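The following paragraphs offer a guided reading of a single protein model. Please keep the sequence and the structure in view while reading.

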Amino acid sequence: MPSPDLLNPNKQHTLVLIKPDGYTRGLTGEVLRRIEAKGYKLVGLKIKKASPELLAEHYIEHQGKHFFNDLVAVMSAAPLVAVVVEGDRVIEGVRTMMGATNPTLAAPGTIRGDLGRDWDTPAVQNIVHGSDSPTSADREIALWFPELVFHD
């Protein structure tokens, strides 16, 4: 159980994944720097090679879609960094910082706009994932950080 001062129950939490393409390109520090510079707090962090089973559960809403198998293959091919980030309106803030899913269309100044590009691969390699709602954040954090239990 984390120490009580690690998690603030009055703040919103989100899961950020620095995907294998971001990790292998050495962009972890830059992504985390941007998140911290925005004023958000990192409250959980781990480097791991995700299993296809974990990724299938993480991306459950995409099961059955044409890109699902390629997505799982790319995400399980190399280590990634999973981070729990805390702050006011952090889900919305991190998603804005990430930019559009397609790195070619992502605005300059965003993580994907500045650091990503189209690699002509079967699955989009766009450096980061961020939870898209409080419900998704709770589910994703429980998958990647079962040791972090949030109580209301």
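Is E61 buried, partly exposed or exposed? E61 counts as partly exposed, because its relative accessibility is 41%; the class covers values between the buried range (under 20% relative accessible area) and the exposed range (over 50%), with a 1.4 Å probe and protein chains only.

The model is predicted: local features need pLDDT of at least 70, and side-chain atom pairs count only at pLDDT 80 or more, while totals for chains, interfaces and linings use all residues. Residues are numbered from 1 along each chain as its sequence is written, and side-chain values use heavy atoms, with hydrogens and water left out.

The overall architecture comes next. The protein contains seven helices and four strands, where helices (H or I, at least four residues) and strands (E, at least two) are DSSP runs numbered from the N terminus. Read from the N terminus, the order of elements is β-α-α-β-α-α-β-α-α-β-α. A compact globule of 152 residues would have a radius of gyration near 15 Å, and the protein agrees with this, at 15 Å; the radius is taken over C-alpha atoms, and the globule rule is 2.2 Å times the number of residues to the power 0.38. Along the principal axes, the C-alpha atoms fill a box of roughly 45 × 35 × 25 Å.

Of the 152 residues, 47% are buried. The protein exposes about 7,900 Å², and carbon and sulfur atoms supply 53% of that area, as computed by the Shrake-Rupley method with a 1.4 Å probe; for residues, only the protein chains shown count as cover. Contacts (heavy atoms within 4.5 Å) often span long stretches of sequence: among those between residues at least 6 apart, 76% join residues at least 24 apart.

Charged side chains provide a further view. There are 16 positive and 19 negative side chains, and the centres of the two sets lie 4 Å apart. In this count Lys and Arg are positive and Asp and Glu negative, while His and the chain ends are not counted; each charge is placed at NZ of Lys, CZ of Arg, CG of Asp or CD of Glu. The number of salt bridges is seven, a salt bridge being a side-chain nitrogen of Lys or Arg within 4 Å of a carboxyl oxygen of Asp or Glu.

One of these salt bridges pairs K11 with D88, with 3.1 Å between the closest N and O atoms. K11 lies in the segment before β1 (12-18) and D88 in the loop between β3 and α5, so this pair ties together parts that are 77 residues apart in sequence. K11 counts as partly exposed, because its relative accessibility is 31%.

E61 takes part in another salt bridge, with R139, at an N to O distance of 3.5 Å. Because E61 lies in the loop between α3 (52-58) and α4 (68-75) and R139 in helix α7 (residues 134-144), the pair ties together parts that are 78 residues apart in sequence. R139 is also partly exposed, with a relative accessible area of 28%.

A further salt bridge joins E92 and R89, whose closest N and O atoms are 2.5 Å apart. E92 is partly exposed at 44% relative accessibility, whereas R89 is exposed at 57%. Salt bridges that share partners also join E30, R33, R34 and D114 into one network.

The backbone of R89 deserves attention as well. R89 sits in the loop between β3 (80-87) and α5 (90-98), and its phi is positive, about 50°, although R89 is not a glycine. I127 likewise has a positive phi, about 75°, without being a glycine. I127 is placed in the loop between α6 (111-115) and β4 (128-130) and is buried, with a relative accessible area of 0%.

I127 leads to D21, a residue of helix α1 (residues 20-24). Beyond its neighbours within four places in sequence, D21 is in contact with Q125, N126 and I127. D21 is buried yet has no salt bridge, and the nearest side chain of opposite charge, R25, is 5.2 Å away.

The last residue considered is I47, in strand β2 (residues 41-48). I47 and D21 are 26 residues apart in sequence, and their C-alpha atoms are 13 Å apart in space. Leaving aside neighbours within four places in sequence, the contacts of I47 are with Y23, P79, L80 and V81.
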